[in-house]
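Biologist: Got a minute to go through this one with me? I'd like to start with the side chains.

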Amino acid sequence: MLEQVLRELQPLCTAEQQFIEKFFQLSQDAADLQVLEVSMRTMSSPVPLEEPTTQLLSEIFSCLEPELRGFLDVCNKVHSFGCLQVLVTLNDSVFEMWGSSSAVPSSFLNAVLGNMLLLAKSSFNKYIRILCKEIEEAKMPSKMKGGILPSVSRFEEFVDFSEEVFRTARRRGELDKAHLRLAGSVFSSINSLSSANLKVNTDMVMMENFHHIHCFLCQKKIHCLEGKKREAKQRYSEHMEKYVIKYLGQPLEKLNHFFEGVKARVAQGVKEEEVSFQLAYSKQELRKVIEKYPGKEVKRALESLYRKIHKYLSPEENLLPVVWHAMEQEFIRQYQEFEDLIQRCYTGSGIVMDFTMEDLLSYFNSITLSN
């Protein structure tokens with residue numbers, strides 16, 4: 001509708017401008033302009049010498065700008081993203097007029113549309129400020145159990161719609177700035193989860209949402225958001241690592257605690273061969289801890305862990321295989337670290353864990369295949 005209005009305005013204003021220039025013989029000669037200025041002082045306010053045509057058109061079309069302002073206001077209210085369409089339409093119209101040989105850049109209509117474009121930019125920026133605030137201040141759903149946050153979905157909805165609207169636009173500087181501001185607000189919204197009272201693991205929710213944003217931006221290929229895409233990937237990896245490490249401490253919690261103490265003693269200056277003489281870290285204490293983790297119990301604990309992860313990870317992100325593989329790699333790393341500490345600090349003791357590396361790999365493999 002706005003495009004149609006602008007298309008019909010241009011020939012009308014151009015024809016009126018050409019008539020005025022011909023009728024008043026406005027040759028842009030200085031003497032002619034002085035004569036016109038004197039003649040027009042009797043009918044209106046003083047006229048700038050360089051713009052007699054614009055002044056006449058302003059009086060003839062005095063209602064045009066107020067009517068356009070009202071029309072743009074209606075367009076902005078028809079759809080929540082209406083200001084985008086208005087901005088693109090006006091941007092393209094002004095751009096076409098500047099590139100047209102039939103219209104002078106300082107013509108009356110160009111001046112009016114220039115004012116409307118400023119108004120459209122102001123409305124667009126106001127909308128983006130409001131949207132950023134809504135995203136940053138969005139409350140977490142009271143029954144939030146994981147999955148994609150409403151603020152992330154809102155960001156994607158805006159990007160999808162705006163990219164379609166701006167697909168053929170001549171300029172997109174305002175949109176790129178808006179994308180960056182909104183992406184910053186979404187990241188801030190996800191970061192605020194760290195202080196939220198969620199019923200599920202915070203790192204899991206942050207991991208899923210940053211992963212979702214990264215995949216979305218990979219699909220969209222928006223140049224100005226390349227930096228945000230890399231940041232989302234980095235944050236997704238960081239929170240997956242925290243999630244994996246936090247949950248992996250549970251199947252072998254007492255072993256983890258014991259060997260953390262061993263490493264702390266060595267860091268404090270205790271010689272590795274003398275650690276076993278520390279009462280809390282003696283060979284006897286190590287055997288007691290190892291006895292708590294027979295192979296069958298470890299496998300059962302891993303099965304329970306898999307079910308728990310499967311329950312809380314959202315299926316649409318399909319992160320279960322990725323997270324489970326990362327957990328397997330971290331578990332193997334921990335096992336190798338435990339074995340290394342036993343060999344270094346308990347040399348010749350004959351102490352070994354109840355399960356081998358081959359057993360561990362078979363546990364993970366059987367759990368993966370059975371699910």
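Biologist: R235 first. Is R235 buried or exposed?

Modeller: This is a predicted model, to be clear. R235 is buried here, because its relative accessible area is 16%, and the cut-off for buried is under 20%.

Biologist: Which residue forms a salt bridge with R235?

Modeller: E238 does. The closest N and O atoms are 3.6 Å apart.

Biologist: How far apart are E238 and R235 along helix α10?

Modeller: They are 3 residues apart, so about one helical turn separates them.

Biologist: And E238, what is its relative accessibility?

Modeller: It is 31%, so E238 counts as partly exposed. So this salt bridge pairs a buried R235 with a partly exposed E238.

Biologist: Which residues are joined into one network by salt bridges that share partners?

Modeller: E260, K263, E330, R333 and E337.

Biologist: Back to α10. What about E226 and K229, how do their side chains meet?

Modeller: In a salt bridge, at 3.2 Å from N to O. Both residues lie in helix α10, which covers residues 226–248. They sit 3 residues apart, about one turn of the helix.

Biologist: Is K229 buried or exposed?

Modeller: Buried, with a relative accessible area of 18%. E226 has 25% relative accessibility, so E226 counts as partly exposed.

Biologist: How many salt bridges does the structure hold?

Modeller: It holds 17.

Biologist: Give me one that links distant parts of the chain.

Modeller: Take E134 and R154. E134 is in helix α6, residues 108–136, and R154 is in helix α7, residues 150–165. The two are 20 residues apart. Their closest N and O atoms are 3.0 Å apart.

Biologist: How accessible are E134 and R154?

Modeller: E134 has 39% relative accessibility, so it counts as partly exposed. R154 is partly exposed too, at 29%.

Biologist: Now the helices themselves. At what angle do the axes of α6 and α7 cross?

Modeller: At roughly 155 degrees, and the axes come within 10 Å. That makes α6 roughly antiparallel to α7, because angles over 145 degrees count that way.

Biologist: Is the crossing of α6 and α7 left-handed or right-handed?

Modeller: Left-handed.

Biologist: Which residues of α6 and α7 meet?

Modeller: From α6, they are F124, Y127, I128, L131, E134 and I135. From α7, they are S151, R154 and F158. By class, the contact has 6 nonpolar, 1 polar and 2 charged residues. E134 and R154 are on that list, and they form the salt bridge we just discussed.

Biologist: Changing topic. Where does V270 lie?

Modeller: V270 is in the loop between α11 (253–267) and α12 (283–291).

Biologist: Buried or exposed, that V270?

Modeller: V270 is buried, since its relative accessible area is 19%, and the limit is under 20%.

Biologist: What is V270 in contact with, leaving aside its neighbours within four places in sequence?

Modeller: R265, V275 and Q278.

Biologist: Last, the whole chain. How many helices and strands are there?

Modeller: The protein chain has 15 helices and 0 strands.

Biologist: What share of the residues is buried?

Modeller: 44% of the 371 residues in the protein chain.

Biologist: And contacts between residues at least 6 apart in sequence, what share join residues at least 24 apart?

Modeller: In the protein chain, 75% of those contacts do.

Definitions and conventions:
Residues numbered from 1 in each chain as written. Predicted model: local features only at pLDDT ≥ 70, side-chain atom pairs only at ≥ 80, totals over all residues. Heavy atoms only, no water. Salt bridge = Lys/Arg side-chain N within 4 Å of Asp/Glu carboxyl O. Helix = DSSP H or I, 4+ residues; strand = E, 2+ residues; numbered from the N terminus. Buried < 20%, exposed > 50% of the residue type's maximum accessible area, 1.4 Å probe, protein only. Axes fitted to C-alpha atoms, helices over the stretch in contact; angles between N-to-C directions. Parallel < 35°, antiparallel > 145°, perpendicular 65-115°, else oblique. Left-handed = near helix turned anticlockwise from the far one by under 90°. Contact = heavy atoms within 4.5 Å. Nonpolar A, V, L, I, M, F, W, Y, C, P; charged D, E, K, R; others polar.
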